[in-house]
Amino acid sequence: MYFNRSNQIPRSAEVVVIGGGVIGLTIARALAQRGVRDVCLIERSAVGTEASFAAGGILAPQAEADRQDEFFELACRSRDLYPDFAGRLQAETGIDVELDTTGTLYVAFTERDFEEIEARCEWQATAGLVVEKLTAKEARELEPCLAENVRGALHFPRDVQVENRRLVNALVNSVAQSGVEICADTNVDSIITDRSRITGVQTTRGFISCNIAIVAAGTWSSAIQVGQSAPIQLLQTPAIEPVRGQMICLDAKPQLTRHVLYSPRGYLVPRHDGRLLAGSTSEHAGFSNQVTAGGISHILANANEISPAVSSLPILDTWAGLRPRAADGLPVLGPCDEINGLFYATGHYRNGILLAPVTGELIAEAVVTGLVSPLLAAFSPNRFNLAHVS
Ligand SMILES: Cc1cc2nc3c(=O)[nH]c(=O)nc-3n(C[C@H](O)[C@H](O)[C@H](O)COP(=O)(O)OP(=O)(O)OC[C@H]3O[C@@H](n4cnc5c(N)ncnc54)[C@H](O)[C@@H]3O)c2cc1C
(Lines give C-alpha, C1' and ligand atoms only; values in the text may rest on other atoms or scores of the structure.)
Protein backbone atom coordinates (compact mmCIF):
# COMPACT_ATOMS: atom_id res chain seq x y z
CA MET A 1 0.00 0.00 0.00
CA TYR A 2 1.22 3.47 -0.79
CA PHE A 3 0.15 6.12 1.69
CA ASN A 4 0.54 9.80 0.97
CA ARG A 5 -0.48 12.99 2.73
CA SER A 6 -4.19 12.33 2.24
CA ASN A 7 -4.07 8.94 3.98
CA GLN A 8 -3.79 8.13 7.64
CA ILE A 9 -0.50 6.75 8.83
CA PRO A 10 -0.67 3.45 10.71
CA ARG A 11 -0.76 3.61 14.53
CA SER A 12 1.60 0.71 14.95
CA ALA A 13 3.99 -1.48 12.97
CA GLU A 14 6.27 -4.41 13.65
CA VAL A 15 9.20 -2.65 11.98
CA VAL A 16 9.53 0.99 10.92
CA VAL A 17 12.08 1.74 8.19
CA ILE A 18 13.03 5.43 8.11
CA GLY A 19 14.03 6.68 4.66
CA GLY A 20 12.80 5.80 1.17
CA GLY A 21 16.11 5.73 -0.73
CA VAL A 22 17.61 2.63 -2.23
CA ILE A 23 18.77 1.46 1.21
CA GLY A 24 15.44 1.80 3.05
CA LEU A 25 13.55 0.30 0.11
CA THR A 26 15.89 -2.68 -0.20
CA ILE A 27 15.66 -3.41 3.52
CA ALA A 28 11.85 -3.12 3.51
CA ARG A 29 11.67 -5.54 0.59
CA ALA A 30 14.04 -8.01 2.24
CA LEU A 31 12.02 -7.90 5.48
CA ALA A 32 8.73 -8.51 3.63
CA GLN A 33 10.32 -11.41 1.76
CA ARG A 34 11.40 -12.93 5.08
CA GLY A 35 7.80 -12.93 6.22
CA VAL A 36 7.73 -9.78 8.36
CA ARG A 37 4.15 -8.74 7.70
CA ASP A 38 3.84 -5.37 9.31
CA VAL A 39 6.58 -3.19 7.82
CA CYS A 40 6.08 0.56 7.50
CA LEU A 41 8.49 2.68 5.44
CA ILE A 42 8.46 6.39 6.20
CA GLU A 43 9.78 8.96 3.75
CA ARG A 44 9.80 12.66 4.47
CA SER A 45 9.21 13.72 0.83
CA ALA A 46 8.85 11.38 -2.16
CA VAL A 47 10.62 8.01 -2.28
CA GLY A 48 13.85 7.73 -4.23
CA THR A 49 14.43 11.39 -4.96
CA GLU A 50 17.68 12.08 -3.09
CA ALA A 51 21.14 10.47 -3.42
CA SER A 52 19.66 7.31 -4.91
CA PHE A 53 18.23 9.35 -7.78
CA ALA A 54 21.42 11.39 -8.28
CA ALA A 55 23.85 8.46 -8.48
CA GLY A 56 25.75 7.07 -11.46
CA GLY A 57 24.92 3.43 -10.78
CA ILE A 58 28.51 2.20 -11.07
CA LEU A 59 29.01 -1.17 -9.34
CA ALA A 60 32.78 -1.27 -9.36
CA PRO A 61 34.44 -2.44 -6.13
CA GLN A 62 37.61 -3.57 -7.91
CA ALA A 63 38.28 -0.46 -10.01
CA GLU A 64 39.26 1.70 -7.05
CA ALA A 65 40.40 -0.84 -4.45
CA ASP A 66 43.96 -0.90 -3.20
CA ARG A 67 43.60 -3.70 -0.68
CA GLN A 68 41.44 -6.65 0.29
CA ASP A 69 39.81 -5.40 3.47
CA GLU A 70 36.36 -5.85 5.03
CA PHE A 71 34.88 -3.09 2.90
CA PHE A 72 36.17 -4.71 -0.28
CA GLU A 73 34.70 -8.07 0.77
CA LEU A 74 31.30 -6.51 1.49
CA ALA A 75 31.29 -4.55 -1.77
CA CYS A 76 32.26 -7.57 -3.89
CA ARG A 77 29.62 -9.67 -2.15
CA SER A 78 26.99 -7.06 -2.99
CA ARG A 79 28.10 -6.68 -6.61
CA ASP A 80 27.89 -10.43 -7.03
CA LEU A 81 24.32 -10.45 -5.67
CA TYR A 82 23.24 -8.05 -8.44
CA PRO A 83 22.39 -10.50 -11.27
CA ASP A 84 19.96 -12.37 -9.01
CA PHE A 85 18.67 -9.15 -7.42
CA ALA A 86 18.02 -7.55 -10.83
CA GLY A 87 16.45 -10.72 -12.22
CA ARG A 88 14.09 -11.10 -9.28
CA LEU A 89 13.08 -7.46 -9.40
CA GLN A 90 12.22 -7.84 -13.07
CA ALA A 91 10.18 -10.97 -12.36
CA GLU A 92 8.34 -9.19 -9.53
CA THR A 93 7.68 -5.88 -11.26
CA GLY A 94 8.37 -6.22 -14.99
CA ILE A 95 10.96 -3.43 -14.68
CA ASP A 96 14.35 -4.03 -16.27
CA VAL A 97 16.93 -2.24 -14.13
CA GLU A 98 19.42 -2.39 -17.02
CA LEU A 99 22.18 -4.25 -15.27
CA ASP A 100 24.89 -3.77 -17.89
CA THR A 101 27.68 -6.33 -17.64
CA THR A 102 29.99 -4.90 -20.32
CA GLY A 103 32.53 -3.99 -17.62
CA THR A 104 34.68 -1.08 -16.53
CA LEU A 105 37.89 0.38 -17.92
CA TYR A 106 40.04 2.22 -15.40
CA VAL A 107 42.23 4.50 -17.52
CA ALA A 108 45.62 6.12 -16.83
CA PHE A 109 46.81 9.41 -18.31
CA THR A 110 49.67 10.54 -16.07
CA GLU A 111 52.79 8.80 -14.77
CA ARG A 112 51.16 8.63 -11.36
CA ASP A 113 47.95 7.13 -12.77
CA PHE A 114 50.05 4.54 -14.53
CA GLU A 115 51.91 3.56 -11.37
CA GLU A 116 48.56 3.32 -9.60
CA ILE A 117 47.08 0.92 -12.14
CA GLU A 118 50.25 -1.22 -12.21
CA ALA A 119 50.12 -1.65 -8.42
CA ARG A 120 46.37 -2.31 -8.46
CA CYS A 121 46.68 -4.88 -11.20
CA GLU A 122 49.45 -6.66 -9.34
CA TRP A 123 47.70 -7.08 -5.99
CA GLN A 124 44.39 -8.03 -7.56
CA ALA A 125 45.95 -10.60 -9.90
CA THR A 126 47.93 -12.05 -6.96
CA ALA A 127 44.68 -12.28 -4.98
CA GLY A 128 43.12 -14.24 -7.86
CA LEU A 129 40.70 -11.48 -8.89
CA VAL A 130 39.69 -10.99 -12.51
CA VAL A 131 41.59 -8.02 -13.95
CA GLU A 132 43.29 -7.48 -17.29
CA LYS A 133 46.03 -4.95 -18.05
CA LEU A 134 45.69 -3.23 -21.43
CA THR A 135 48.27 -1.26 -23.35
CA ALA A 136 47.25 2.14 -24.70
CA LYS A 137 46.70 0.58 -28.11
CA GLU A 138 44.56 -2.23 -26.72
CA ALA A 139 42.51 0.21 -24.65
CA ARG A 140 41.81 2.39 -27.70
CA GLU A 141 40.93 -0.64 -29.79
CA LEU A 142 38.37 -1.59 -27.15
CA GLU A 143 37.03 1.97 -26.79
CA PRO A 144 38.10 4.18 -29.72
CA CYS A 145 36.66 7.28 -28.01
CA LEU A 146 39.51 7.26 -25.45
CA ALA A 147 41.92 10.20 -25.67
CA GLU A 148 45.05 9.56 -27.74
CA ASN A 149 47.34 10.24 -24.77
CA VAL A 150 45.91 7.36 -22.70
CA ARG A 151 48.88 5.45 -21.24
CA GLY A 152 47.14 2.19 -20.41
CA ALA A 153 44.09 0.79 -18.68
CA LEU A 154 42.78 -1.92 -16.42
CA HIS A 155 39.81 -3.91 -17.65
CA PHE A 156 37.50 -5.12 -14.89
CA PRO A 157 34.93 -7.36 -16.60
CA ARG A 158 33.06 -8.03 -13.33
CA ASP A 159 32.69 -4.33 -12.38
CA VAL A 160 29.36 -3.42 -13.95
CA GLN A 161 26.61 -0.78 -13.78
CA VAL A 162 22.88 -0.45 -13.15
CA GLU A 163 20.34 2.23 -14.08
CA ASN A 164 19.77 3.43 -10.52
CA ARG A 165 16.56 5.36 -11.28
CA ARG A 166 14.97 2.26 -12.79
CA LEU A 167 16.27 0.35 -9.77
CA VAL A 168 14.48 2.71 -7.40
CA ASN A 169 11.27 2.37 -9.45
CA ALA A 170 11.48 -1.40 -9.38
CA LEU A 171 12.10 -1.40 -5.63
CA VAL A 172 9.14 0.90 -4.96
CA ASN A 173 6.87 -1.37 -7.01
CA SER A 174 8.19 -4.51 -5.37
CA VAL A 175 7.89 -3.07 -1.86
CA ALA A 176 4.34 -1.77 -2.46
CA GLN A 177 3.26 -5.15 -3.88
CA SER A 178 4.67 -7.01 -0.91
CA GLY A 179 2.35 -5.23 1.49
CA VAL A 180 4.80 -2.76 3.02
CA GLU A 181 3.07 0.49 3.93
CA ILE A 182 4.90 3.41 2.35
CA CYS A 183 4.13 6.70 4.08
CA ALA A 184 5.49 9.54 1.96
CA ASP A 185 5.47 13.24 2.94
CA THR A 186 6.08 12.20 6.54
CA ASN A 187 9.16 13.19 8.51
CA VAL A 188 10.41 11.11 11.42
CA ASP A 189 11.44 13.62 14.07
CA SER A 190 12.55 11.19 16.75
CA ILE A 191 12.70 7.60 17.89
CA ILE A 192 11.17 7.27 21.33
CA THR A 193 12.65 4.92 23.90
CA ASP A 194 11.76 3.74 27.37
CA ARG A 195 14.42 2.07 29.52
CA SER A 196 16.64 1.39 26.51
CA ARG A 197 13.87 -0.14 24.38
CA ILE A 198 12.13 1.45 21.42
CA THR A 199 8.46 2.28 21.94
CA GLY A 200 7.81 4.03 18.63
CA VAL A 201 8.64 6.85 16.26
CA GLN A 202 7.32 10.40 16.42
CA THR A 203 6.50 11.72 12.97
CA THR A 204 5.09 14.97 11.63
CA ARG A 205 1.81 13.11 11.17
CA GLY A 206 1.60 11.35 14.50
CA PHE A 207 3.12 8.60 16.61
CA ILE A 208 3.68 5.08 15.31
CA SER A 209 4.26 2.48 17.96
CA CYS A 210 6.91 -0.14 17.13
CA ASN A 211 9.67 -2.18 18.77
CA ILE A 212 12.10 -2.04 15.87
CA ALA A 213 13.22 1.05 13.93
CA ILE A 214 15.82 1.08 11.17
CA VAL A 215 17.47 4.40 10.38
CA ALA A 216 18.11 4.49 6.62
CA ALA A 217 17.75 8.23 6.17
CA GLY A 218 20.97 8.78 4.22
CA THR A 219 22.65 12.13 4.80
CA TRP A 220 19.96 13.18 7.27
CA SER A 221 20.30 10.13 9.56
CA SER A 222 21.95 11.92 12.46
CA ALA A 223 19.19 14.54 12.61
CA ILE A 224 16.80 11.88 13.95
CA GLN A 225 16.93 12.06 17.73
CA VAL A 226 16.82 8.88 19.76
CA GLY A 227 15.84 8.89 23.42
CA GLN A 228 13.27 9.26 26.18
CA SER A 229 11.55 12.41 27.37
CA ALA A 230 11.29 11.83 31.13
CA PRO A 231 13.91 12.07 32.44
CA ILE A 232 15.40 13.45 29.23
CA GLN A 233 18.03 11.09 27.89
CA LEU A 234 19.19 11.27 24.30
CA LEU A 235 21.50 8.91 22.50
CA GLN A 236 24.63 10.26 20.86
CA THR A 237 23.86 9.02 17.32
CA PRO A 238 26.47 8.32 14.59
CA ALA A 239 27.45 11.54 12.81
CA ILE A 240 26.69 11.47 9.10
CA GLU A 241 27.79 14.38 6.91
CA PRO A 242 26.72 15.32 3.38
CA VAL A 243 29.27 15.20 0.56
CA ARG A 244 27.86 16.81 -2.54
CA GLY A 245 28.28 15.20 -5.92
CA GLN A 246 27.33 16.99 -9.12
CA MET A 247 26.56 15.21 -12.37
CA ILE A 248 26.13 16.09 -16.04
CA CYS A 249 23.93 14.15 -18.44
CA LEU A 250 25.02 14.30 -22.09
CA ASP A 251 23.24 13.20 -25.25
CA ALA A 252 25.38 10.56 -26.98
CA LYS A 253 23.59 8.95 -29.90
CA PRO A 254 25.20 6.77 -31.10
CA GLN A 255 26.65 5.93 -27.70
CA LEU A 256 30.29 7.00 -27.25
CA THR A 257 31.44 4.04 -25.15
CA ARG A 258 30.18 0.60 -24.21
CA HIS A 259 32.23 0.32 -21.00
CA VAL A 260 32.07 2.53 -17.95
CA LEU A 261 35.22 4.68 -18.33
CA TYR A 262 36.83 5.60 -15.07
CA SER A 263 39.92 7.69 -14.33
CA PRO A 264 41.29 8.83 -10.97
CA ARG A 265 39.54 12.15 -11.60
CA GLY A 266 36.20 11.37 -13.23
CA TYR A 267 34.00 8.88 -15.03
CA LEU A 268 31.66 8.38 -17.97
CA VAL A 269 28.70 6.03 -17.70
CA PRO A 270 26.81 5.05 -20.88
CA ARG A 271 23.08 4.39 -20.56
CA HIS A 272 21.13 2.17 -22.94
CA ASP A 273 18.97 5.05 -24.20
CA GLY A 274 21.94 7.16 -25.37
CA ARG A 275 22.40 9.26 -22.25
CA LEU A 276 26.00 9.54 -21.11
CA LEU A 277 26.57 10.51 -17.47
CA ALA A 278 29.70 12.44 -16.55
CA GLY A 279 30.69 12.70 -12.92
CA SER A 280 31.41 13.93 -10.42
CA THR A 281 32.50 16.30 -7.68
CA SER A 282 33.17 15.66 -4.00
CA GLU A 283 32.31 18.79 -2.02
CA HIS A 284 31.63 19.78 1.57
CA ALA A 285 28.88 22.30 0.92
CA GLY A 286 26.49 21.55 3.78
CA PHE A 287 23.03 20.38 2.75
CA SER A 288 22.99 22.43 -0.47
CA ASN A 289 22.39 20.32 -3.55
CA GLN A 290 22.89 23.14 -6.00
CA VAL A 291 24.70 22.68 -9.29
CA THR A 292 27.53 25.20 -9.64
CA ALA A 293 29.56 26.60 -12.53
CA GLY A 294 32.75 25.43 -10.82
CA GLY A 295 31.36 21.91 -10.41
CA ILE A 296 30.30 21.67 -14.04
CA SER A 297 33.63 22.90 -15.39
CA HIS A 298 35.51 20.46 -13.12
CA ILE A 299 33.45 17.52 -14.41
CA LEU A 300 33.75 18.59 -18.05
CA ALA A 301 37.54 18.99 -17.79
CA ASN A 302 37.89 15.47 -16.39
CA ALA A 303 35.40 13.97 -18.87
CA ASN A 304 37.28 15.68 -21.68
CA GLU A 305 40.55 14.19 -20.46
CA ILE A 306 39.00 10.72 -20.79
CA SER A 307 37.45 11.42 -24.18
CA PRO A 308 37.73 14.72 -26.07
CA ALA A 309 34.66 13.63 -28.09
CA VAL A 310 32.60 14.62 -25.03
CA SER A 311 33.08 18.31 -25.81
CA SER A 312 30.80 18.21 -28.85
CA LEU A 313 27.91 16.44 -27.09
CA PRO A 314 24.77 18.37 -26.13
CA ILE A 315 24.09 18.72 -22.38
CA LEU A 316 20.66 17.29 -21.51
CA ASP A 317 20.59 17.82 -17.76
CA THR A 318 22.63 18.52 -14.64
CA TRP A 319 21.94 17.68 -10.99
CA ALA A 320 23.56 17.20 -7.61
CA GLY A 321 23.01 14.82 -4.71
CA LEU A 322 24.30 14.38 -1.18
CA ARG A 323 26.36 11.31 -0.36
CA PRO A 324 25.96 10.19 3.27
CA ARG A 325 29.43 9.91 4.86
CA ALA A 326 30.29 8.71 8.38
CA ALA A 327 33.39 10.07 10.14
CA ASP A 328 35.59 7.18 8.95
CA GLY A 329 34.01 6.97 5.48
CA LEU A 330 32.65 3.47 6.10
CA PRO A 331 29.00 2.39 6.15
CA VAL A 332 27.15 2.19 9.47
CA LEU A 333 25.30 -1.12 9.53
CA GLY A 334 23.65 -3.17 12.23
CA PRO A 335 22.04 -3.05 15.67
CA CYS A 336 22.88 -0.46 18.28
CA ASP A 337 23.97 -2.01 21.60
CA GLU A 338 22.59 0.87 23.68
CA ILE A 339 18.98 0.62 22.48
CA ASN A 340 17.11 -2.63 21.96
CA GLY A 341 15.42 -2.62 18.54
CA LEU A 342 17.43 0.23 17.00
CA PHE A 343 19.30 -0.50 13.76
CA TYR A 344 21.36 1.74 11.51
CA ALA A 345 21.81 1.29 7.75
CA THR A 346 23.41 4.49 6.62
CA GLY A 347 26.72 6.13 5.71
CA HIS A 348 26.95 4.35 2.36
CA TYR A 349 28.81 7.38 1.01
CA ARG A 350 29.94 6.72 -2.61
CA ASN A 351 28.67 3.15 -2.76
CA GLY A 352 25.05 2.96 -1.69
CA ILE A 353 23.77 1.63 -5.00
CA LEU A 354 26.50 -1.01 -5.02
CA LEU A 355 25.90 -1.96 -1.38
CA ALA A 356 22.09 -2.05 -1.50
CA PRO A 357 21.56 -5.81 -2.03
CA VAL A 358 23.97 -6.91 0.71
CA THR A 359 22.66 -4.24 3.09
CA GLY A 360 19.08 -5.41 2.54
CA GLU A 361 19.96 -9.07 3.06
CA LEU A 362 22.14 -8.67 6.15
CA ILE A 363 20.05 -6.08 7.96
CA ALA A 364 16.85 -8.06 7.37
CA GLU A 365 18.60 -11.21 8.59
CA ALA A 366 19.77 -9.45 11.75
CA VAL A 367 16.26 -8.09 12.44
CA VAL A 368 14.50 -11.40 11.86
CA THR A 369 16.96 -13.86 13.42
CA GLY A 370 18.87 -11.64 15.83
CA LEU A 371 22.09 -12.93 14.26
CA VAL A 372 24.52 -10.32 12.97
CA SER A 373 26.65 -11.56 10.08
CA PRO A 374 30.43 -11.39 10.65
CA LEU A 375 30.51 -9.43 7.38
CA LEU A 376 28.95 -6.52 9.28
CA ALA A 377 31.38 -6.54 12.21
CA ALA A 378 33.63 -3.79 10.85
CA PHE A 379 30.64 -1.55 10.14
CA SER A 380 28.79 -1.72 13.44
CA PRO A 381 27.31 1.56 14.71
CA ASN A 382 28.83 0.60 18.07
CA ARG A 383 32.29 1.55 16.79
CA PHE A 384 31.23 5.13 17.55
CA ASN A 385 30.64 6.30 21.08
CA LEU A 386 26.84 5.96 21.21
CA ALA A 387 26.46 6.67 24.92
CA HIS A 388 23.44 8.43 26.36
CA VAL A 389 23.71 12.15 26.97
CA SER A 390 21.21 14.03 29.14
C1 LIG B 1 26.56 12.30 -7.77
C2 LIG B 1 26.53 10.97 -7.07
C3 LIG B 1 26.99 9.84 -7.73
C4 LIG B 1 26.95 8.60 -7.09
N5 LIG B 1 27.33 7.50 -7.81
C6 LIG B 1 27.25 6.28 -7.22
C7 LIG B 1 27.60 5.12 -7.96
O8 LIG B 1 27.97 5.20 -9.13
N9 LIG B 1 27.51 3.91 -7.35
C10 LIG B 1 27.11 3.78 -6.04
O11 LIG B 1 27.06 2.67 -5.53
N12 LIG B 1 26.75 4.88 -5.31
C13 LIG B 1 26.83 6.11 -5.87
N14 LIG B 1 26.49 7.23 -5.16
C15 LIG B 1 26.16 7.08 -3.73
C16 LIG B 1 24.72 6.63 -3.55
O17 LIG B 1 23.88 7.44 -4.32
C18 LIG B 1 24.33 6.70 -2.07
O19 LIG B 1 25.29 6.05 -1.27
C20 LIG B 1 22.98 6.02 -1.85
O21 LIG B 1 22.02 6.53 -2.74
C22 LIG B 1 22.52 6.21 -0.41
O23 LIG B 1 21.21 5.70 -0.35
P24 LIG B 1 20.28 6.05 0.90
O25 LIG B 1 19.00 5.32 0.69
O26 LIG B 1 21.05 5.81 2.15
O27 LIG B 1 20.12 7.63 0.81
P28 LIG B 1 19.08 8.52 -0.01
O29 LIG B 1 18.89 8.03 -1.39
O30 LIG B 1 19.54 9.94 0.16
O31 LIG B 1 17.74 8.28 0.75
C32 LIG B 1 17.54 8.71 2.08
C33 LIG B 1 16.05 9.04 2.18
O34 LIG B 1 15.72 9.30 3.55
C35 LIG B 1 14.75 10.35 3.57
N36 LIG B 1 14.79 10.95 4.90
C37 LIG B 1 15.78 11.70 5.44
N38 LIG B 1 15.47 12.07 6.69
C39 LIG B 1 14.23 11.55 6.96
C40 LIG B 1 13.38 11.60 8.10
N41 LIG B 1 13.73 12.24 9.21
N42 LIG B 1 12.18 10.99 8.01
C43 LIG B 1 11.82 10.32 6.89
N44 LIG B 1 12.61 10.24 5.78
C45 LIG B 1 13.80 10.84 5.81
C46 LIG B 1 15.23 11.28 2.47
O47 LIG B 1 14.19 12.14 2.03
C48 LIG B 1 15.69 10.29 1.40
O49 LIG B 1 14.67 9.97 0.48
C50 LIG B 1 26.48 8.50 -5.77
C51 LIG B 1 26.00 9.62 -5.11
C52 LIG B 1 26.01 10.85 -5.75
C53 LIG B 1 25.47 12.05 -5.04
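## Close-up views of a predicted model

**View 1. I58 sits in a short stretch of strand.** I58 belongs to strand β4, which covers residues 58-59. Everything in these legends comes from a predicted model. The relative accessible area of I58 is 15%, so the residue falls under the 20% cut-off and counts as buried. If you want a distance to set up in your viewer, try I58 and D100: their C-alpha atoms are separated by 9.8 Å, with the two positions 42 residues apart along the chain.

**View 2. L261 in strand β17.** Here we're looking at L261, part of the strand made by residues 260-262. Is L261 buried or exposed? It's buried, and its relative accessible area comes out at 0%. Pick A153 as the second atom for a C-alpha to C-alpha distance and you get 9.7 Å, for two residues that are 108 apart in sequence.

**View 3. A six-stranded open sheet.** Reading across this sheet, the strands come in the order β12-β11-β10-β14-β15-β23, and the pairing is mixed. Which strands are at the edges? Those are β12 (206-209) and β23 (388-389), each of which pairs on one side only. Zoom in on β10 (residues 188-194) and β11 (residues 197-203): these two run antiparallel and are joined by six bridges. As an example of the register, I191 has V201 in β11 as its bridge partner.

**View 4. Q202, also in β11.** Strand β11 holds Q202 as well. With a relative accessible area of 29%, Q202 is partly exposed. Its C-alpha lies 9.8 Å from that of Q225, and the two glutamines are 23 residues apart in sequence.

**View 5. F72 meets W123 edge-to-face.** The structure has five aromatic pairs, and F72 with W123 is one of them: the ring centres are 5.5 Å apart and the planes make an angle of 70°, which is an edge-to-face arrangement. The pair links distant parts of the chain, since F72 comes from helix α3 (residues 70-93) and W123 from helix α4 (residues 111-126), 51 residues apart. How buried are the two partners? F72 has a relative accessible area of 4% and is buried. W123 also counts as buried, at 18% relative accessibility.

**View 6. W220 and F287, a tilted pair with an arginine on top.** With 6.3 Å between the ring centres and 35° between the planes, W220 and F287 make a tilted pair. Both residues are in loops: W220 between β13 (212-215) and β14 (225-228), F287 between β19 (275-279) and α7 (293-306). The pair therefore ties together parts that are 67 residues apart in sequence. W220 is partly exposed, at a relative accessible area of 22%. There's a charge to look for here too: the charged end of R44 sits over the ring of W220, 4.2 Å from the ring centre.

**View 7. A tyrosine cluster and R120.** Y106, Y262 and Y267 make up one aromatic cluster. Of these, Y106 has an arginine for company: the charged end of R120 sits over the Y106 ring, 4.9 Å from its centre.

**View 8. The second largest pocket.** This pocket offers about 180 Å³ of space. What lines it? The residues are T26, R29, A30, Q33, L81, D84, F85, R88, P357, G360 and E361. Three helices, α1 (22-33), α3 and α8 (352-369), each supply at least two residues of the lining. Sorted by character, the lining splits into four nonpolar, three polar and four charged residues.

**View 9. The largest cavity.** How many cavities of 30 Å³ or more does a search of the whole structure find? The answer is one, and the space in the largest cavity is about 30 Å³. Its lining consists of F53, A55, E163, N164, R165, R271, R275, L277 and W319. The elements that give two or more residues to this lining are α6 (164-177) and β19. By character, the lining counts four nonpolar, one polar and four charged residues.

Terms used:
Residues are numbered from 1 along each chain as its sequence is written. This is a predicted model: local features need pLDDT of at least 70, side-chain atom pairs count only at pLDDT 80 or more; totals for chains, interfaces and linings use all residues. Side-chain values use heavy atoms; hydrogens and water are left out. Rings of Phe, Tyr and Trp (its six-membered ring) pair if their centres lie within 6.5 Å; planes under 30 degrees apart count as stacked, over 60 as edge-to-face and the rest as tilted. Helices (H or I, at least four residues) and strands (E, at least two) are DSSP runs, numbered from the N terminus. Buried means under 20% relative accessible area, exposed over 50%, partly exposed in between (1.4 Å probe, protein chains only). A charge sits over a ring if NZ of Lys or CZ of Arg is within 6 Å of the ring centre and within 35 degrees of the ring normal. On a 1 Å grid over the protein atoms alone, a cavity is a set of points where a 1.4 Å probe fits but cannot get out, and a pocket is an open set with protein on both sides within 12 Å along at least five of seven lines; lining residues have an atom within 4 Å of a point. Grid points are joined across faces, edges and corners, and a volume is the space filled by probe spheres set on the points. Ala, Val, Leu, Ile, Met, Phe, Trp, Tyr, Cys and Pro count as nonpolar, Asp, Glu, Lys and Arg as charged, and the others, Gly among them, as polar. Two strands pair if DSSP finds at least two bridges between them.
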